[in-house]
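Hi,

Here is the structure I promised to pass on. Have a look at it first, and then read my notes below.

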Protein chains: 2
Amino acid sequence: MSATARKRLDAMAAKVKASGLKLTPQRLAIMRLLAESEDHPGADGIWRRLKRRFPGISQATVYRTVQLVKSLGEACEIAFADGGSRYDGRKPYPHPHIVCLACGRIIDPELRSLGDMTREAATASGFEIKTFRLDFFGTCPECSKNKTKTMPTRRIK
Amino acid sequence: MSATARKRLDAMAAKVKASGLKLTPQRLAIMRLLAESEDHPGADGIWRRLKRRFPGISQATVYRTVQLVKSLGEACEIAFADGGSRYDGRKPYPHPHIVCLACGRIIDPELRSLGDMTREAATASGFEIKTFRLDFFGTCPECSKNKTKTMPTRRIK
DNA sequence: CTAAGTGCAAATGATTTGCAGGTAT
DNA sequence: ATACCTGCAAATCATTTGCACTTAG
């Protein structure tokens, strides 16, 4: 487990304890997966990976824990149009994504111009901007090469 | 009915006929609502407005038609984290939104910097960007004045 | 005519919840 | 001890689909 992942896991565990909640083995395992996964796993994926080590773990527990960690501000949810959500416990704050429509990969780009655009949105509208959601969809370099056919386009909610 | 709305409705009707599909009264009514609504209505809202004039209209027909118009490229869907989708038949192409968390209002800002940011995302990632989804969430000027308490935060999928 | 469309109700599918029995602290 | 948790299964909820009956062209 990397140092950054360890830090993230510790932050999650600390918030849980600070809220007077319990650190069960299931929660630890789910939080650990959230803290170290770089592939933005979905609830179902987390559940499938976990039941190797916790044969009896229920999806309900995964959903409950993921929601808990999110509500504590220690993970963020990326919900897609097709109803599925994916989670990121490494960067628990809102950030942009680029999704490959062919292979489903999601990367986190650094966008220098994002701050300016947020300011432009606030100025243009008079809104007090609290948060945002930004996703780009396209084809990653690998899939572009392979000329793989595009996945059945998701319903972008 | 405004000139722009008329144009949008005509475009939708043309695509439907060009696809060898039928222009039923229900479809016309739904498309008309899509073409002239500036408030990004949801499927349920469309259905409720329509059953005044079409007492027997079913939600299934609304969903089917809205999907049809979207698949013809004549409306776009804005799907939110809480599972609900809203539609825009006035601008059938992807565009940014600003959502008021207090009253639910959605506006379409003009963002000059959007093109630059898309280019930055493409360059930084090597992806071929096909489309995007950009929403800002905050409080509109009216709700800021009224100091209305924020709506129970939607799950931002 | 007849392929398409409609209303209705049942089916989906991801997520949530009620409950009865466990378990961290 | 005793809140808090977990697994299980039933319940949600927006949306989709199967079917028998209409209807636009």
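What follows is a short run through the cysteines and one helix of chain A.

Keep in mind that this is a predicted model. Cysteines first: counting over all chains, there are zero disulfides. Take Cys140(A), whose nearest cysteine sulfur belongs to Cys143(A), 3.6 Å away. A disulfide needs the two sulfurs within 2.5 Å, so Cys140(A) is in no disulfide. Cys140(A) is also buried, with a relative accessible area of 1%. Over in chain B, Cys103(B) is in no disulfide either, and the nearest cysteine sulfur, on Cys100(B), is 3.6 Å away. Cys103(B), though, is partly exposed, at a relative accessible area of 42%.

Now the helix, α4(A), which covers residues 59–71. With 13 residues at 1.5 Å a residue, α4(A) should span 18 Å, and the C-alpha atoms at its ends are indeed 18 Å apart.

Which residues of α4(A) are buried? They are Val62(A), Thr65(A), Val66(A), Leu68(A) and Val69(A). Looking down the axis of α4(A), you'll find these buried residues within an arc of 160°, so they line one face of the helix. That fits the general rule: an α-helix has 3.6 residues a turn, so residues three or four places apart point the same way.

The buried residues of α4(A) pack against α1 (3–18), α2 (25–36), α3 (43–50) and β2 (85–88) of chain A. On the face turned away from that buried side sit the exposed residues Arg64(A) and Ser71(A). Just after α4(A) comes Gly73(A), with a positive phi of about 80°.

Cheers

Definitions and conventions
Residues numbered from 1 in each chain as written. Chains lettered and ligands numbered in written order. Predicted model: local features only at pLDDT ≥ 70, side-chain atom pairs only at ≥ 80, totals over all residues. Heavy atoms only, no water. Buried < 20%, exposed > 50% of the residue type's maximum accessible area, 1.4 Å probe, protein only. Helix = DSSP H or I, 4+ residues; strand = E, 2+ residues; numbered from the N terminus. Expected span 1.5 Å × (residues − 1). Arc of directions from axis to C-beta. Contact = heavy atoms within 4.5 Å.
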